[in-house]
Amino acid sequence: MSLPVLGAAAAPASAASAAAPTATPAPSTKHGNSTSAPDFTVRSAALTPDRTVATACQFCNANCRLHVDLKADRVIAVRGEQDDPVQAGGLCVKADLMPQLVYNDERLTSPLRRVSGKKGSPDSRFEKISWEEALTTIARKFLELRDAGQAHTIANRTTGRMPRGTGSLVARMFAMLGSPNNTDVGPVCNDAGANALTASFGLGNFTNGYGVDGATGKQDLGAARYLLLLGTNQAETHPVTYEYLLRERKKTGAKLTVVDPRLTPTGEQADRWVAPKPHTDYALVLGMLHHIITTDRHDQKFVDRWVLGFDELRKHLIDHRYSAAWAAKVTGVPEATIKAIAEEYASAKPAAIFCNAGISHQLGAFDTYRALTFLAAVTGNIGVPGGGCNFMHNTWPGDLHLPPLKAETPKRTDALPVGPDYFAESILTGRPYRLRAIVSQGNPLVSSANSKRVREAFEQLEFFVYTGLFMEEPAYYADIILPVCSGLEMDGVYMRRDDRAIRWQEQAVPRVGDSRPDWEIWIGLAHAVARLDNRRPADEWREAFPEKWLDYRELWSEFVRHTPGMVGMTAHRMSRRAEPLRWPCPSTDHPGVSTLFLDHPSWYEAAESLDPRHKRKRFLTPSGKVEIFTKELDDRLSTTGHGALPVFYTHPEVTGDHPTLRYKSFFVTNPINPQALTHPVTIGARPDRAPHGAYPLMGMTGRPSVVHFAEVTHWTYTGKQLNGIRLIQIHPRTARAAGIADGDPVKVESPRGAVTGTALLWDGIREDTIFVPNTFGPAQRVGDIFGAPRYEPANTLPDDGYYDNLSGQQAYKCFACRVTKDGKAG
């Protein structure tokens with residue numbers, strides 16, 4: 001079937017990990033089928049497909065094209081796209097999991113209603129009901145709250161698994177109801193990068209593209225001479241696009257530096273692996289900036305022409321003494337290494353930065369990303385092929401536009417503080433008000449920090465609707481459960497590639513049971529509201545949600561017509577392409593933008609299509625330049641305790657004596673997300689006693705392996721077969737001190753709770769750090785056949801009280817903890 005991309009091309013002969021503390025690189029393993037072996041499926045009557053459907057993988061932002069071979073409407077093979085030069089026919093192991101979401105005994109196949117059992121109890125009982133009854137029940141509750149003046153207590157949390165544009169339908173309904181609490185998954189994913197990119201450059205997207213730029217005919221990211229990866233394990237999270245970077249690196253000789261507290265398959269390919277203390281990347285970047293600027297390694301010509309605030313930044317770095325020597329003391333990375341990375345990055349032309357959740361899931365996510373945009377700006381590595389700030393998942397499509405509402409909409413109150421993780425605080429404390437009804441397309445019981453507290457909140461929630469493929473953890477708290485389709489069961493645009501590129505996908509197999517895609521659910525709900533609403537005429541609801549939009553091609557046409565920069569992205573055009581198409585794409589003959597902010601006619605045309613006020617603007621800020629410091633930006637951020645020139649702080653559970661945040665009790669308008677409130681902060685010494693006496697180690701969470709993507713892959717048999725055991729990475733010396741041997745059952749405890757797993761002794765991790773794989777949850781019964789344990793969520797361990805008060809990002813990447821042998825196991 002598919003060709004796995006579990007390993008990657010071997011590193012150059014000069015690659016070494018000598019700079020990484022206590023690191024011994026693991027050997028690289030090649031996977032794949034022998035090219036000399038005969039293929040005995042050829043001319044097989046049973047295995048020759050009746051037809052092949054072109055669709056796309058839903059599991060990561062590599063957005064691979066899939067050719068799905070079918071026999072008698074059943075999937076018999078999944079193959080990659082050979083004619084896409086980035087994908088080059090490659091697929092990872094997850095492609096073969098796509099059919100397992102379709103053919104799965106655990107699938108939800110009809111709407112369900114709670115009939116008995118305490119919320120959250122595995123003994124909860126549900127009965128099958130019709131779609132009409134399910135949607136009527138939800139509509140009645142929404143209208144009851146609205147009519148009681150409580151529309152603001154209705155909330156929704158979208159997720160990345162949904163077809164593109166579903167969030168626009170949700171936003172439309174919430175506008176008509178009068179609720180401000182239509183949230184997305186960004187604060188538990190990667191919102192901070194987009195926020196920082198917008199502040200510095202005026203547009204919050206991954207800046208460069210994979211493959212050849214159709215406007216210039218030249219390689220974009222493949223042309224990089226230096227690749228700086230911070231907090232991103234691309235070999236396991238974006239294997240196909242990472243393999244493309246490695247292929248191009250062989251041609252250019254580009255140097256690769258990977259910054260990560262643990263050695264991963266990504267770092268194994270690097271020339272240099274650097275392992276800083278968790279949650280201190282911010283200090284590393286400040287130290288690099290200080291060294292580049294004070295030794296005049298910056299690009300003065302680019303700075304003079306395109307950057308505002310360089311002199312203020314220079315003074316700020318010097319006044320605060322953010323030198324490489326200072327950064328070395330904070331991070332544990334040698335001063336010479338910090339200087340070497342800075343010099344290599346500044347001298348390489350072009351140089352590209354890549355980041356992912358390892359930066360996003362930090363207390364100082366917004367400010368860290370801002371410092372990284374400064375790094376690109378002062379070296380002239382923005383707006384050039386092979387450069388940029390490629391902050392993953394800050395992609396497109398996002399805010400897809402529909403025709404303006406003709407109906408009047410009620411005035412809305414302030415939204416809750418940014419981030420769906422604030423839902424628990426609202427339910428449990430009533431601050432600033434108490435949520436009463438939530439619809440969730442994600443899994444907050446596994447993905448939210450301090451999971452035990454979130455569980456308590458959902459036990460108390462008045463009304464909850466869960467939409468999903470399986471009986472995941474939140475389903476047991478639901479009043480109504482709605483079954484959705486998997487990616488192979490629908491037309492449309494599902495996932496997207498990090499570089500703003502999307503593919504059209506065709507429905508490959510019939511829908512399972514009575515499941516529906518998300519956009520149909522919200523249109524159906526709007527029509528149910530129309531039947532019951534005594535205040536707003538039914539025709540207003542029906543006009544706002546026309547039935548023709550049930551056909552995704554019709555809905556997509558509306559998005560194309562009304563979303564800036566999207567005129568060229570028609571379903572017809574995309575369905576005929578082997579390669580995905582990038583946004584912005586202002587016309588059907590425009591190739592789509594690869595390099596944002598490129599000094600080229602194709603970019604200026606696209607920029608103007610986004611907003612006529614951007615005509616002839618290179619950067620889309622008010623000044624048309626990169627804005628490191630302006631008084632307006634500084635004043636705007638100062639209301640929350642931050643500034644345009646950020647100062648260093650870190651999580652209070654990082655070992656050592658570092659400044660951190662103290663949250664004030666009142667709320668202010670969030671300057672980054674002005675529809676919402678946030679707590680202002682002060683930056684200073686740790687406000688209370690350090691927990692490190694009882695919890696001497698630092699824990700971090702992350703993806704278990706290339707096999708898994710969020711929780712959904714844990715509901716496939718292959719996913720649980722290959723990686724159904726939670727393997728907790730511990731340095732051998734740390735393990736010996738705790739009396740732990742490789743393979744022992746262990747317990748990791750933080751001040752919030754404890755989780756269990758199996759010890760994996762790994763000398764490619766810092767001695768003061770424990771790695772706990774996330775996405776495991778107690779409802780994942782698919783693994784029972786393999787004897788895989790049911791685990792408590794890893795996010796039981798982090799503190800939800802500490803978060804980035806600008807982006808809403810939760811701090812999953814550091815928590816004080818201890819690890820012991822689990823005497824209760826077995």
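Me: Let's start with helix packing. In which sense does helix 7 cross helix 9, left-handed or right-handed?

Reply: Helix 7 passes helix 9 in a left-handed crossing. Bear in mind as we go that this is a predicted model.

Me: Okay, and which residues are those, and at what angle do helix 7 and helix 9 pack?

Reply: Helix 7 covers residues 281–294 and helix 9 covers residues 310–319. They pack at an angle of about 115°, and their axes are 10 Å apart. Angles of 65 to 115 degrees count as roughly perpendicular, so helix 7 is roughly perpendicular to helix 9.

Me: Let me try the other pair. What are the angle and the axis distance for helix 14 and helix 16?

Reply: For helix 14 and helix 16 (residues 451–460), the packing angle is about 55° and the axes lie 9 Å apart. That angle makes helix 14 oblique to helix 16. As for the handedness, the crossing of helix 14 and helix 16 is left-handed.

Me: On to sheets. In what order do strands 1, 2 and 3 sit, and how are they paired?

Reply: The general idea: strands of a sheet pair through backbone hydrogen bonds, either parallel or antiparallel. Here you have an open sheet of 3 strands in the order 1-2-3, and the pairing is antiparallel. Its edge strands are strand 1 (51–56) and strand 3, each of which pairs on one side only. From one strand to the next, the twist averages 30°.

Me: How many bridges join strand 2 to strand 3?

Reply: Strand 2 (residues 65–71) is joined to strand 3 by 6 bridges, with the two running antiparallel. If you want a spot to zoom in on, find Leu66, which stands opposite Gly80 in strand 3.

Me: And which strands make up the sheet with strand 18 in it?

Reply: That one is an open sheet of 3 strands in the order 17-18-19, with antiparallel pairing. Strand 17 (496–497) and strand 19 (581–582) are the edge strands, pairing on one side only. Between strand 18 (residues 501–502) and strand 19 there are 2 bridges. In one of the pairs to look at, Ile502 has Leu581 in strand 19 as its bridge partner.

Me: Now the backbone torsions. Which peptide bond leading into Pro432 should I check, and is it cis or trans?

Reply: Look at omega. The bond from Arg431 to Pro432 is cis, with omega near -10°. Pro432 sits in the loop between helix 14 (422–429) and strand 14 (437–440). There's also the bond from Trp583 to Pro584, which is cis with omega near -5°. You'll find Pro584 in the loop between strand 19 and helix 21 (601–610).

Me: What about phi at Ala88: positive or negative?

Reply: Positive, at about 50°, although Ala88 is not a glycine. Ala88 belongs to the loop between strand 3 (74–80) and helix 1 (98–102).

Me: Last topic, the interior. How many cavities of 30 Å³ or more are there?

Reply: The count comes to 7 cavities, with 30 Å³ as the lower limit. The largest cavity holds about 80 Å³ of space.

Me: Which residues lie nearest the centre of the largest cavity?

Reply: Of the 13 residues lining the largest cavity, Cys57, Cys60, Ala62, Cys64 and Cys92 are nearest its centre. By class, the lining divides into 11 nonpolar residues, 1 polar and 1 charged. Watch the bookkeeping here: Cys counts as nonpolar in that split.

Conventions: Residues numbered from 1 in each chain as written. Predicted model: local features only at pLDDT ≥ 70, side-chain atom pairs only at ≥ 80, totals over all residues. Heavy atoms only, no water. Pairing = 2+ DSSP bridges. Helix = DSSP H or I, 4+ residues; strand = E, 2+ residues; numbered from the N terminus. 1 Å grid on protein atoms, 1.4 Å probe; cavity = no way out; pocket = protein on both sides within 12 Å on 5 of 7 lines; lining within 4 Å. Points joined across faces, edges and corners; volume = space filled by probe spheres on them. Axes fitted to C-alpha atoms, helices over the stretch in contact; angles between N-to-C directions. Parallel < 35°, antiparallel > 145°, perpendicular 65-115°, else oblique. Left-handed = near helix turned anticlockwise from the far one by under 90°.
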